[in-house]
Amino acid sequence: MAVPAPFLVLCACVWGFCHVEATPDTQSSLDSSFCHGDLEVIYPQLVIDKCLIIPKDGKLREKISTVWKAPQIYFPGAHKKKMYVLVMVDPDAPSRTKPTAAFWRHWLVANVQGSALKRGQIQGATITDYHPPTPPQKSGFHRYQFMLFEQPPDAPVSLTEQEKSSRGKWGLQAFVKKFDLGKPVAALQFLTQNYKD
């Protein structure tokens, strides 16, 4: 019986992820399906353009947590005259088995210019400053999710004073609904764990 080519490609991708970390926390098909829309997250030595697990070798986990600043964000599908909202969250805080502080808000930028996104830049109003992925020790893998929403015209996006007081336990769905952001036009995630583990 012939196996469809897309299935083989999917298997190759999944196996490629799994050989990096053979643990129960490897990339699931649900994680893989999260990524869509050709979004790219660009760190100095790492370009993330699909759902993946950050390998332990090469000190990438340490650099992403302690060295590198906010990444460049490239979205070739952006409309030059539209604005976007960029969200980065950790849905696994403090751990994937007990995400009692989810969603942890790592970065929030509104009024992002579509013309800048097409050049791999973020030009907009930073609502929450970038905070690098810093999963606690012995907490396993965490998903770090980037979502790009089209911002409705003349819709100022902000956080309440209560939301500003803490990055943890953020009501992402309520935020999306409040500002009528709809579904993300593009999304990307990577998995990593504490670089000392």
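The paragraphs below lead through a predicted model, beginning with one strand and its partners and moving on to the cores, the aromatic pairs and a few local backbone features.

A convenient place to start is strand β5, which spans residues 83-90. Seven of its eight residues are buried, so β5 is largely enclosed by the rest of the structure. On one side of the pairing pattern stands strand β6, residues 104-113, which runs antiparallel to β5 and is joined to it over seven bridges; within this pairing, D90 stands opposite W104 of β6. Strand β5 also pairs with strand β8, residues 142-151, again in the antiparallel sense and over seven bridges, and here M88 has F146 of β8 as its bridge partner. The residue F146 is worth keeping in mind, as it returns below in the description of the core and of the aromatic pairs.

Between β5 and β6 the chain passes through a loop that holds both P94 and F103. The peptide bond joining A93 and P94 is cis, with omega at about -5°. A cis peptide bond is also found from A102 to F103, where omega is near -5°. A reader who is checking backbone torsions in this model may wish to look at these two bonds together, since P94 and F103 belong to the loop between β5 and β6.

From the strands one can turn to the packing of side chains. The largest nonpolar core comprises 29 residues, and those with the most contacts inside it are Y43, I48, F146 and F190. Several elements contribute to this core, for β1 (40-43), β2 (46-48), α3 (60-67), β5, β6, β8 and β9 (186-192) each supply at least two of its residues. A second core, separate from the largest one, has 17 residues and includes F103, M147, F149 and A187. F103, already met at the cis bond that follows A102, is thus a member of this second core.

Which residues does Y43 touch, once those up to four places away in sequence are set aside? They are I48, I64, W68, K69, P71, Y130, P133, F146 and F190, a list that includes I48, F146 and F190, which were named with Y43 among the core residues that have the most contacts.

The aromatic side chains give a further view of this region. Eight aromatic pairs are present in the structure, and one of them is formed by Y43 and F190, whose arrangement is edge-to-face, with 6.5 Å from centre to centre and 80° between the planes. Because Y43 lies in strand β1 and F190 in strand β9, this pair ties together parts that are 147 residues apart in sequence. Both Y43 and F190 are buried. F190 has a further ring partner in F146: the two centres are 6.1 Å apart and the planes stand at 40°, so this pair is tilted. Since F146 lies in strand β8 and F190 in strand β9, the pair ties together parts that are 44 residues apart in sequence, and F146, like F190, is buried. Taken as a group, Y43, W68, Y144, F146 and F190 form one aromatic cluster.

Another set of contacts gathers around E163, which is placed in helix α5. Is this glutamate buried or exposed? Its relative accessibility is 18%, so E163 counts as buried, the limit being under 20%. Apart from neighbours within four places in sequence, E163 is in contact with R105, S158 and W170, while its side chain reaches the backbone nitrogen of T160 at 2.8 Å. Two of the contact partners of E163, R105 and W170, are themselves linked, for R105 lies over the face of W170 at 5.1 Å from the ring centre. E163 and F175, which are 12 residues apart in sequence, have C-alpha atoms 10.0 Å apart in space.

Two residues with positive phi complete the account. N111, in strand β6, has a phi of about 55° although it is not a glycine, and N111 is partly exposed, at a relative accessible area of 27%. D154, in the loop between β8 and α5 (161-164), likewise is not a glycine and has a positive phi, near 55°, but D154 is exposed, with a relative accessible area of 79%.

Conventions: Residues are numbered from 1 along each chain as its sequence is written. This is a predicted model: local features need pLDDT of at least 70, side-chain atom pairs count only at pLDDT 80 or more; totals for chains, interfaces and linings use all residues. Side-chain values use heavy atoms; hydrogens and water are left out. Buried means under 20% relative accessible area, exposed over 50%, partly exposed in between (1.4 Å probe, protein chains only). Helices (H or I, at least four residues) and strands (E, at least two) are DSSP runs, numbered from the N terminus. Two strands pair if DSSP finds at least two bridges between them. A nonpolar core is a set of buried Ala, Val, Leu, Ile, Met, Phe, Trp, Tyr and Cys residues joined through side-chain atoms within 4.5 Å. Contact means heavy atoms within 4.5 Å. A polar contact is a pair of N or O atoms within 3.5 Å; within protein, one must be able to donate a hydrogen and the other to accept it, and residues adjacent in sequence count only if both atoms are side-chain atoms. Rings of Phe, Tyr and Trp (its six-membered ring) pair if their centres lie within 6.5 Å; planes under 30 degrees apart count as stacked, over 60 as edge-to-face and the rest as tilted. A charge sits over a ring if NZ of Lys or CZ of Arg is within 6 Å of the ring centre and within 35 degrees of the ring normal.
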